[in-house]
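Biologist: Please put the model up. I want to ask how its labels are justified.

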Amino acid sequence: MVVGAGLAGVRSVEALRAHGFAGTITLIGEERHRPYDRPPLSKAVLLGGTDSTVVDSDLGALEVSFRPGAAAKGLRPGVVETTEGELPYDGLVIATGARPVRLLGDGPQHVLRTIDDALGLRALFAPGVRIAVVGAGWIGAEVTTAARRAGCEVTVVEAADVPLAAALGPVGAWTVPWYEQAGVDLRLGTAVASVDHGGLTLADGSAVEADVVVTGVGVRPAVEWLAGSGVGLDDGVVTDEHLRTSLPGVVAVGDCAAWWSRRYGRRLRVEHWDTALNAPEVAVASLMGEEAVYDPVPYFWSEQFGHMVQYAGRHDGGRLVMRGDPGADPKWGACWVDDRDRLVAVLSVDRPRDLVQGRRLIEGGRPLDVERLADPAVALRDC
Ligand code: FAD
């Protein structure tokens, strides 16, 4: 059985069949939709380019019993308790993803996680509509991009001193001009106290008036249904490097899984599409008794203010080497190296080759010539 019919869920079904599993597969999903992709929700859907992002997967050919609108409520060994009754299982994939964090206050507050959220929000975008976006992270930046394109007046309120602070640290400051050029009122270092009718109340007591408030301040793993089940939980479902949980015959994948990374020597929970796409292959192999390890260099992308922003690796403690001058050249990047000059993370802005080559260099782990790394005219693979 697979619980959670997002990308990681449907990929798990595909992987089960690809591994030759011929038994019954039940896929249960709380949403009343066929599995769909989320990255386009804040891009093509909000921009009006498409209304559907359904994953190209033939559920009929996969012979899966798909139960949309059914939610898991609890788990005990061999049985998932759902809103449609108890369902027995021999093997279980947990793929329940994550849910957006909401702020305090009784004013209307939009989040962006589902296709319904995206279509609902898009319908509110119109010239002159005042939108307050809380959070200048990935979602906040993409919502802002779409809202400005629709002619809305946008104020972005961010508690940190730079956009994308959690992901990029000080390098996020180089995206401030994108907000300015787009005509966005960006308020950094500004905490929100509550979402109220008519806008936001800030921590200093002042107000931001808005017709629509969108909150993009992060997500939490959707694992409340596993409380007391015996599945270890710690910021998501705790798994080993094979994506096995503490309960025999149960694996976890995607945004809800906190797996042990051999590469980084710590547990990782990565809320990115690439993880939902690729982890199921390993989880299903483990479920079927094969020896498989999940140990990727994490990767994600974002499309904001007309720029393709891509990042691979992890840079905690790494030394920053800027690649190009963001003030002079709109196509730039950043690299982080460790104390042996090995690349640990790469950020590329409209330089997709840097991303591809950088990811390989991170995987390979050879020392680089840092002076050449700083020169954007030198290909990363030649550094
Ligand atoms: P989800 O997609 O969250 O799917 C989990 C499913 O399980 C949901 O349908 C949920 O309703 C269901 N569920 C939850 N609880 C239960 C329950 N108890 N019973 C049954 N069903 C349940 N990543 C990138 O790398 N690049 C991007 O540009 C990017 N853009 C994004 C834009 C948006 C707007 C969003 C929301 C995410 C974006 N992401 C992006 C992240 C990426 O989409 C996620 O990492 C990915 O969707 C995770 O897939 P998942 O299957 O693990 O979880």
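Biologist: What makes the shell around the ligand nonpolar, polar or charged, and how many residues fall in each class?

Modeller: This is a predicted model. Its ligand shell holds 19 nonpolar, 10 polar and 7 charged residues. Gly counts as polar here.

Biologist: Which residues come nearest to the ligand?

Modeller: Gly4, Gly6, Arg38, Gly97 and Gly254, out of 36 around the ligand. The cut-off is a C-beta atom within 6 Å. Two or more residues of the shell come from each of α1 (7-18), β2 (25-29), α6 (273-287) and β21 (299-304).

Biologist: Which domains does the shell draw at least three residues from?

Modeller: Domain 1 (2-99 + 219-287) and domain 2 (102-215). The assignment also gives domain 3 (306-382).

Biologist: How do you know that domain 2 is in contact with domain 3?

Modeller: Contact requires C-beta atoms within 7 Å. By that rule, 5 residues of domain 2 are in contact with 6 residues of domain 3. On the domain 2 side, the touching residues are 5 nonpolar, with no polar and no charged. The C-alpha centres of these two domains lie 29 Å apart.

Biologist: Why does the radius of gyration agree with a compact globule?

Modeller: Because a compact globule of 383 residues would have a value near 21 Å, and the protein has 22 Å. The C-alpha atoms fill a box of roughly 60 × 55 × 35 Å along the principal axes.

Biologist: What percentage of the residues is buried?

Modeller: Buried means 20 or more other C-beta atoms within 10 Å. Of the 383 residues, 41% are buried.

Key:
Residues numbered from 1 in each chain as written. Predicted model: local features only at pLDDT ≥ 70, side-chain atom pairs only at ≥ 80, totals over all residues. Helix = DSSP H or I, 4+ residues; strand = E, 2+ residues; numbered from the N terminus. Domains from an automatic or database assignment. Contact = placed C-beta atoms within 7 Å. Rg over C-alpha atoms; globule rule 2.2 N^0.38 Å. Buried ≥ 20, exposed ≤ 12 C-beta atoms within 10 Å, placed from the backbone.
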